[in-house]
Amino acid sequence: MLATGVKNIGFLSFGHWTDHPQSGTRSASDSLLQAIDLAVAAEELGADGAYFRVHHFAQQHASPFPLLAAIGARTSRIEIGTGVIDMRYENPLYMAKDAGAADLISGGRLQLGISRGSPEQVIDGWRHFGFSPAEGESDAEMGRRHTERLLEVLTGDGFAEPNPNPMFPNPPGLLRVEPHSEGLRERIWWGSGSNATAVWAAKLGMNLQSSTLKDDESGKPFHVQQAEQIELYRQTWKEAGHPREPRVSVSRSIFALTDERDWQYFGRDRYSSDQVGNIDAKTRAVFGKSYAGEPDELAKKLAEDEAIAASDTLLLTVPNQLGVEYNAHVIESILTHVAPLLGWR
């Protein structure tokens, strides 16, 4: 059995909605308001983080900063974040302003997960947002370029020449975008699907988010490949000489079977296994299995997951369309029945 250590435990929601009689989340309004309520409930239960996926052109969360600011205003302790924002769609300066505002409203609790993004609902969706790769540049490279600019802006250094006749008095020197939130630069996470991008993130001093899928680079089980990715990331971070310790999160679908509802919804996931497939024409990926079982059984399974052991933060993917009350139950079951068995609480 692997030593797992104390964990930050949060949830990750995709924020799906659909106008279907069996969905508890029928509209965009439902999705957003329920997300706020679930974050409040999770904080009351003792969870450490409320994270949200961002997908454009889909009936899912797609506009994170108003949501994160609202949660920040309704909570006092829980970390709030994303996993992840597709940087191909983002104006780095405007993003820095929105992120700074949300971070200030929350009192410095924003954990901003960003990345190149995943397969999309539409073809080249970022073009509709006004962005195009430079000549000879791929869309992935454009996303990384946007990221590097965001990191520069978040340092708070001035870069814009002030108007000699401004509407309001300026401080001396070059100006920065406002509002600026001190310390946010150290709370940027890169969602990495490959070993190479994990190395790139470490060199730039970003924390690491690794999800339930990654490029299949060795044919080994998913959790082993992910643990190797984390080790490579930490090694690169050390070599880069960054002054702080990095943070690493992994996400998992984990369900403790404690009542009839759990067995009805997720009993079959006791027999889940890794899957391999192509996420696009060029990329073979391995998808990690779901975990389900009675608490003792579940703890034994989780204790063998090498990537969970190597991370400091675990994000529980939640089935948001089953409603706030049930998702709070899912989170509470892990915190109460499973985490103590593993030394996480």
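This is a short tour of a predicted model, with four stops to select in the viewer.

**Stop 1: helix α2**

Select residues 64–74, which form helix α2. Colour P64, F65, L67, L68, A69, I71 and G72, the residues of this helix that are buried. An α-helix has 3.6 residues a turn, so positions three or four apart point the same way. Now show what surrounds the helix: its buried residues pack against two helices, α1 (28–45) and α3 (92–106). They also pack against the strands β2 (49–52), β3 (79–82), β4 (85–86) and β5 (110–115).

**Stop 2: the second largest pocket**

Keep F65 selected and add Y89, E90, Y94 and D98. These five lie nearest the centre of the second largest pocket. In total, 14 residues line this pocket, and the space in it comes to about 240 Å³. Helices α2 and α3 each supply at least two residues of the lining. Which classes of residue make up that lining? Nine of the residues are nonpolar, three are polar and two are charged. Space of this kind is found by rolling a probe the size of a water molecule over the atoms.

**Stop 3: strands β5, β6 and β7**

Move to strand β6, residues 188–191. In a regular strand, side chains alternate between the two faces of the sheet. Here I188 and W190 point one way, while W189 and G191 point the other way. Are these four residues buried or exposed? All are buried.

Next, display the neighbouring strands. β5 and β6 run parallel and are joined by three bridges; β6 is also joined by three bridges to β7 (residues 207–210), again in parallel. W189 is a convenient residue to centre on. In β6 it stands opposite G113, and it also stands opposite N207 in β7. To follow the connection from β6 to β7, select helix α6, residues 195–204. Together, β6, α6 and β7 make a right-handed β-α-β unit.

**Stop 4: H16**

Finally, select H16, in the loop between β1 (8–13) and α1. Why does H16 count as partly exposed? Its relative accessibility is 30%, and the partly exposed class covers values between 20% and 50%. Show the contacts of H16 beyond four places in sequence: T25, S31, Q59, Q60, N320 and Q321. For Q321, draw a distance between C-alpha atoms. H16 and Q321 are 305 residues apart along the chain, and their C-alpha atoms are separated by 6.6 Å.

Methods
Residues numbered from 1 in each chain as written. Predicted model: local features only at pLDDT ≥ 70, side-chain atom pairs only at ≥ 80, totals over all residues. Heavy atoms only, no water. Buried < 20%, exposed > 50% of the residue type's maximum accessible area, 1.4 Å probe, protein only. Contact = heavy atoms within 4.5 Å. Pairing = 2+ DSSP bridges. Right-handed = clockwise from strand over helix to strand, strands pointing away. 1 Å grid on protein atoms, 1.4 Å probe; cavity = no way out; pocket = protein on both sides within 12 Å on 5 of 7 lines; lining within 4 Å. Points joined across faces, edges and corners; volume = space filled by probe spheres on them. Nonpolar A, V, L, I, M, F, W, Y, C, P; charged D, E, K, R; others polar.
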